[in-house]
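Dear colleague,

I am handing over the structure below, and my notes on how its chains are arranged follow it. Please read them with the coordinates open beside you.

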Amino acid sequence: MANHPVRQFQVRTHATSEMLDITEQIEQAAADSGVTNGYVIAFVAHTTAAVTINENADPDVKHDMLTKLEALVPRHETYYRHAEGNSDSHVKASMFGQSVTVLLERGRLLLGQWQGVYLCEFDGPRPRSVLVKVVET
Amino acid sequence: MANHPVRQFQVRTHATSEMLDITEQIEQAAADSGVTNGYVIAFVAHTTAAVTINENADPDVKHDMLTKLEALVPRHETYYRHAEGNSDSHVKASMFGQSVTVLLERGRLLLGQWQGVYLCEFDGPRPRSVLVKVVET
Amino acid sequence: MANHPVRQFQVRTHATSEMLDITEQIEQAAADSGVTNGYVIAFVAHTTAAVTINENADPDVKHDMLTKLEALVPRHETYYRHAEGNSDSHVKASMFGQSVTVLLERGRLLLGQWQGVYLCEFDGPRPRSVLVKVVET
């Protein structure tokens, strides 16, 4: 099993909250590595963003997910103490998680028909970095 | 490190929301692979289901978890736009996550005494597929 | 790729809900393994605790995260059936998840500048075990 160095790509988000499809960048990282069987770990090195897997077809799903999250974890609460004012983003980041693992077989990501990989911005707009490790096995 | 192909098994869920214990199927996939040390990745290739690890003893825990999730993310909200009417399922799926990793040592899953692996159905009843990758290391 | 046995460390929590920084223990496990490139899987073998990655700078973030979680998932609900009275802890555990994966390069964890790894206690105070698997690749 050769060591495939960690790759990194940047995205720019455009709103306070946003789900940005990064499936293509993950596929590209897998292709660039030359690995055909194994899996890919995508990791977001931020504390107010997350990465998740969800529906890639109807954009209304993203709207509904983000609106529900905002309703559950609004920007302001009387009990928030963190001076930056983005405590909600930290909560949402841990709810959705910092990494996803996607299996890879014969050079293809084993995502379901309706699955895409999303960077979830919860405190944008900002530039964001995603680390990708392709593991051969 | 030999390549152990991705395995797949099917389950059938029986309710709109359900936590179905799939620990045995994961153990079987590990046993079938012949791998004794490493870990197992279980991945749900769906956007309205999840996989999580939680209590395997008192079934009331599943009831309480699903009821609380339903209270937090009810089926209908005035602001939902997604025409399929299952936006809640997408939110819950990302809250719980699409994959779990369980360590494997001497052929045994390193789960805590009270831990089981669950497929979480949030838009059932349906047939569901779980992918399992056993990694030797 | 040599097999690096699963390591385990104990922590003691001091409150019902607490986020305990375990970054140093994870770094130590990585250093002890001698692995310089790969990744680390940290796994909590409990059903009322979790592990997550979040802000390591302002302690108010932990306060705000735990207070928000408590507001969303309070200790008692009329519909809870589980006799132990800790159903909330089980919900929070699955929301945040049982494991994290952190990439490792040149002997260094690839965490963002503001990221730390946290054991999340949701039903303490208690002693808790964290399993760590260091994977070389």
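Please bear in mind that this is a predicted model. Of the interface residues of chain B, only 12% are also interface residues in chain A, so the copies meet through different surfaces. The pair of chain A and chain C gives a like picture, since only 12% of the interface residues of chain A are also interface residues in chain C, and those copies therefore meet through different surfaces.

As for symmetry, chain B is superposed on chain A, with an RMSD of 0.0 Å, by a rotation of 120 degrees and 0.0 Å of shift along its axis. The two copies are thus related as by a three-fold rotation axis, and in chain B the C-alpha nearest that axis belongs to Met95(B), at 3.2 Å from it. Chain A can likewise be laid on chain C by a turn of 120 degrees with a shift of 0.0 Å along the axis, at an RMSD of 0.0 Å; in chain A the C-alpha nearest the axis is that of Met95(A), 3.2 Å away.

Turning to the contact between chain B and chain A, 33 residues come from chain B and 30 residues from chain A, and together the chains bury about 2,700 Å², 60% of it on carbon and sulfur atoms. One salt bridge is found across this interface, formed by Glu77(B) and Lys68(A), whose closest N and O atoms are 2.6 Å apart. There are also 16 residue pairs in polar contact between chain B and chain A. On the side of chain B that touches chain A, helix 3 of chain B gives the most, with six residues, and the residues of that side divide into 20 nonpolar, nine polar and four charged.

Best regards

Terms used:
Residues are numbered from 1 along each chain as its sequence is written. Chains are lettered from A and ligands numbered from 1 in the order in which they are written. This is a predicted model: local features need pLDDT of at least 70, side-chain atom pairs count only at pLDDT 80 or more; totals for chains, interfaces and linings use all residues. Side-chain values use heavy atoms; hydrogens and water are left out. Copies are superposed by least squares on the C-alpha atoms of residues with pLDDT of at least 70 in both. Contact means heavy atoms within 4.5 Å. Buried area is the accessible area (1.4 Å probe) that two parts lose on being put together, summed over both. A salt bridge is a side-chain nitrogen of Lys or Arg within 4 Å of a carboxyl oxygen of Asp or Glu. A polar contact is a pair of N or O atoms within 3.5 Å; within protein, one must be able to donate a hydrogen and the other to accept it, and residues adjacent in sequence count only if both atoms are side-chain atoms. Helices (H or I, at least four residues) and strands (E, at least two) are DSSP runs, numbered from the N terminus. Ala, Val, Leu, Ile, Met, Phe, Trp, Tyr, Cys and Pro count as nonpolar, Asp, Glu, Lys and Arg as charged, and the others, Gly among them, as polar.
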